[in-house]
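In this notebook I keep track of what I looked up about charged side chains and how they pair. I begin with the sequence and the structure.

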Amino acid sequence: NNAHTHTHTQQYITMTITTSSSRRQQHQQQPHHHFFLPFLLLLLHTFSFLDHSVILKTVHAFSTVPRRYRHPPPSISTSTTLSEAPVPFAGVGPRSTWTDMSKYNIPQIETILTEWTANIIPKNINENTPERIALGVENSRELFVDTIIVEIRRSTEKVGLGILLQEIKGGRSDGLGITVVSGLVEGGLCEEQDCDVMVGDSISSVSVLQTNKSKDGAAGLQDTTTEITAMTECLGYDATVEAISSLPPPPSSGQEQILKLTMKRIRRKPLISINLQYPPSQKEPDTKIQLYAGENLRLAMLVRGIKLNDPLAKRFDTKSGGNCGAGGLCRTCAVSVVRGGELLNPQKMAEEQMLKDDTPRWRLSCKAFVGYGMKEGEMTVQVNPRQW
């Protein structure tokens, strides 16, 4: 680069990088006049807020990750809408618009740092998705990885995101690792626009959204959004910087451009407390159990030794006795939901048909999942309702 004479002022950015070999390396880089190096201002500097036992820990899954995984070049697509990713575990359905997800945030940064891990996601032939690496959590029963979409208005004056990053796991030659947010730069874009970015989050991707107006015949002007994306999930510090700096430069004056950050955040699962009541004839005291969102009601009761199958129930298909083994046919696992029915997933048509002669509060526990809509709360459930 020094062989060329640049007319603009040269600027130098110093970045301290923590790697799994416990070495700190300082790199000085000169910006190329037609690459988007200002994005590197998101890494004005890094500071170590972790002890070395955490920094130097290597993700177990990385030891078996094939070397063919490398970060892809930026992808380009055209779209007109943005959508939130669904909650990635069964039974909870779409999150309710009135649910405050921030109450599931984890305040202990030490917990977040030790929970991050990486998983190999197999190729899905039906959805035509390739094998890939995705962020995950060690304690998947109580915690989950949520997806946060953050949109930032891009500025020609403040070109950096103002995000400090820290590599906590990595050290591989192919660039794989886990890099998380360690703080926000005072006065940077993220702090200025009050972005929902927290310490411990990991950037999954960064996209540049450029809105262009074009004529469409009689329809007049039409907005078309071009999205250029750099994937950064499960990359180490250096590879994350390289991917983000490959994005195009900021727009010229008068053009509207949005930066879309797809963040991954570890959150706790909603907790549902259930008071189980038995028929008086069973002479059993009430039992209290706690379930995490996404747990199946029948399975949760059985593993806790709850006496469930009702001998008075008849199979829907044969009209005789017998346990169908959670097939949704025998009705022996039916329960009466006295309170908190809104915390269960809605009935499907088959379940409604099977229970149409019973009270509306009855549910087949084998088809009931708690925490629907990412809500938590308390429930009262009566076991073996035909015996009441």
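Are Glu-227 and Lys-260 buried or exposed? I looked up both residues in this predicted model, and I noted that Glu-227 is buried and that Lys-260 is buried as well. I then checked the pair itself and found that Glu-227 and Lys-260 form a salt bridge, with 3.0 Å between the closest N and O atoms. Glu-227 belongs to strand β10 (residues 221-231) and Lys-260 to strand β11, so this salt bridge ties together parts of the chain that are 33 residues apart in sequence.

Next I turned to Asp-201 and Arg-265, whose side chains meet in a salt bridge at 2.8 Å, N to O. I wrote down that this pair links distant parts of the chain, since Asp-201 sits in the loop between α3 (189-192) and β9 (202-215), while Arg-265 sits in strand β11, 64 residues apart. Both of these residues, Asp-201 and Arg-265, are buried.

My third entry concerns Arg-267 and Asp-146, where I found a salt bridge between the side chains at 2.6 Å, N to O. Arg-267 lies in strand β11 (residues 257-268) and Asp-146 in strand β6 (residues 143-153), and I noted that the pair links distant parts of the chain, 121 residues apart. Arg-267 and Asp-146 are both buried. Following these two residues further, I saw that Arg-95 joins Asp-146 and Arg-267 in a network of salt bridges.

Last, I asked how many salt bridges the count gives. I recorded a count of 11 salt bridges.

Definitions and conventions: Residues are numbered from 1 along each chain as its sequence is written. This is a predicted model: local features need pLDDT of at least 70, side-chain atom pairs count only at pLDDT 80 or more; totals for chains, interfaces and linings use all residues. Side-chain values use heavy atoms; hydrogens and water are left out. A salt bridge is a side-chain nitrogen of Lys or Arg within 4 Å of a carboxyl oxygen of Asp or Glu. Helices (H or I, at least four residues) and strands (E, at least two) are DSSP runs, numbered from the N terminus. Buried means under 20% relative accessible area, exposed over 50%, partly exposed in between (1.4 Å probe, protein chains only).
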